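Student: Please take a close look with me at one part of this model, starting from a single pair of strands and working outward to whatever surrounds it.

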Amino acid sequence: MPIKVYPLAFDSMGVRSQAVLVVVNGYKILIDPGVALAPKRHGLPPTDLELKALDIVRRKIIEVGRKSDIVIVTHYHYDHHPYPNDKEMYEEIFTGKKVFMKAYEDEVTGSARSRGKKFHKNIKDIASEIIVADGNKFRIGKNIILEFSPPVWHGPVGSKVGRVIMVNIRKGRSSFIHSSDAQNLADPDALKWVLEKKPTFIIIDGYPTILMGWRVSKKDFVESIENVKKAITDTPAKTIILDHHIVRDKNFKEKMKEIYELAEKHGKKVLTAAEYMGLENLQLEALRKDIKKGKVKLNEHDIENYYKKLYSKIKI
């Protein structure tokens with residue numbers, strides 16, 4: 001495919017992130033250059049292994065950001081853009097760059113408006129150009145189309161955590177969609193936009209099943225499964241990366257079993273970002289309790305080797 005997609009950091013790779021590098025016609029496009037850890041999981045703080053992973057990934061995102069031509073931020077959660085006090089990340093990633101950002105002034109939550117405002121303040125004097133992306137289409141070079149969805153819900157319609165924008169990068173008949181935190185494309189408008197774009201490759205944020213029953217409903221989850229099914233059957237995409245929120249669940253493959261079965265039936269692949277890059281899943285957050293109890297035999301050297309292997313596959 002003429003569009004090269006390199007996942008840099010995902011939940012299947014040990015951290016909270018959806019950072020992706022896209023290389024097309026020599027242009028390097030960095031989407032959502034943020035990384036974070038759950039401050040608490042099972043009542044426990046991050047393990048030393050997670051902190052090690054965070055440090056390695058953060059440095060890699062900075063390195064890639066420094067080399068990128070375009071940077072995109074799809075919404076204002078800190079696993080998708082740098083924390084406001086991380087001056088190094090801002091200076092290294094955004095200085096001299098064309099930045100496409102989600103609108104924040106009309107955000108539905110005060111938190112998103114506040115974070116968006118801080119983000120804009122941090123880049124306004126260093127970026128070469130800042131463009132509000134929502135619902136707009138742009139031509140990059142001669143034959144690359146960069147298109148953004150209108151705001152869609154961060155999960156089911158009316159989600160209390162606000163809205164996101166999705167990204168479509170097209171060259172000729174090849175089309176890559178990064179669906180941001182659309183959570184199984186739960187918003188019907190998110191699914192509609194994806195189906196209209198006919199992507200040949202999709203990254204889908206899976207549903208946050210660890211929150212089911214207290215912050216999200218089982219009914220919404222069941223309905224969202226049908227939307228993922230349509231993305232599999234009704235688009236030409238042969239490869240679908242399913243990752244992020246869903247991988248925080250240790251048993252995510254069992255909960256998404258029918259998705260994997262449907263993809264196999266249609267000759268398509270549903271993979272995590274780690275699997276797409278030829279690696280085993282590194283579910284450090286989901287395994288936090290087991291790691292603390294010594295049930296998982298990993299050390300910091302293992303983490304270093306994991307990322308060394310991962311990043312050796314990324315050529316820019």
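Student: How many bridges join strand β8 (residues 144-148) to strand β11 (residues 167-171)?

Tutor: Before we begin, keep in mind that this is a predicted model, in which local features need pLDDT of at least 70 and side-chain atom pairs count only at pLDDT 80 or more, while totals for chains, interfaces and linings use all residues. Residues are numbered from 1 along each chain as its sequence is written, and side-chain values use heavy atoms, with hydrogens and water left out.

Five bridges join β8 to β11, and the two strands run antiparallel. Strands here are DSSP runs of E with at least two residues, helices are runs of H or I with at least four, and both are numbered from the N terminus; two strands pair if DSSP finds at least two bridges between them. Within this pair, Ile 145 stands opposite Arg 170 of β11. On to the next partner: β11 is also joined by five bridges to β12 (residues 174-178), again in the antiparallel sense, and here Arg 170 stands opposite Ser 175. Arg 170 therefore appears in two pairings, facing Ile 145 in one and Ser 175 in the other. β11 and β12 form a hairpin with two residues between the strands, and Gly 172 in this hairpin takes a positive phi near 60 degrees.

The neighbour of Arg 170 in sequence, Ile 169, leads us from these strands into the interior. Leaving out residues up to four places away in sequence, Ile 169 is in contact (heavy atoms within 4.5 Å) with a list of residues that includes Ile 3, Val 22, Val 24, Ile 29, Ile 31, Ile 144, Ile 145 and Phe 176. Ile 169 is also a member of the largest nonpolar core, meaning a set of buried Ala, Val, Leu, Ile, Met, Phe, Trp, Tyr and Cys residues joined through side-chain atoms within 4.5 Å. Buried means under 20% relative accessible area, exposed means over 50%, and partly exposed lies in between, using a 1.4 Å probe and protein chains only. This core has 69 residues, and those that touch the most other members are Ile 72, Phe 94, Phe 119, Ile 169, Phe 176 and Tyr 307. Helix α1 gives the most to this core, with seven residues. A second, separate core holds 32 residues, among them Val 216, Ala 231, Met 256 and Ala 263.

Since α1 contributes so much, let us follow this helix. Its buried residues include Leu 49, Ala 53, Ile 56, Val 57, Ile 61 and Val 64, but also charged-type names such as Glu 50, Lys 52, Arg 58 and Lys 60. They are covered by, among others, β1 (4-10), β2 (18-24), β3 (27-31) and α10 (300-311). The strands in that cover belong to an open, mixed sheet of six, arranged as β1-β2-β3-β4-β5-β6. β1 and β6 (129-132) are at the edges with a single partner strand each, so one side of each has no neighbour in the sheet. β1 and β2 are paired antiparallel over six bridges, with Pro 7 having Val 20 of β2 as its bridge partner. Helix α1 packs on this sheet and touches β1, β2 and β3.

Arg 58 of α1 carries us one step further, to a salt bridge, which is a side-chain nitrogen of Lys or Arg within 4 Å of a carboxyl oxygen of Asp or Glu. The side chain of Arg 58 meets that of Asp 86, with N to O at 2.9 Å. Arg 58 sits in α1 and Asp 86 in the loop between β4 (70-73) and α2, so that the link spans distant parts of the chain, 28 residues apart. Asp 86 is itself buried, at 15% relative accessible area. This pair is one of 24 salt bridges found in the whole structure.

A further pair is Lys 229 with Glu 258, whose closest N and O atoms are 2.7 Å apart. Because Lys 229 lies in α5 (residues 218-233) and Glu 258 in α7 (residues 257-265), the pair ties together parts 29 residues apart in sequence. Lys 229 is buried at 19%, whereas Glu 258 is partly exposed at 38%.

Terms used:
Axes fitted to C-alpha atoms, helices over the stretch in contact; angles between N-to-C directions.
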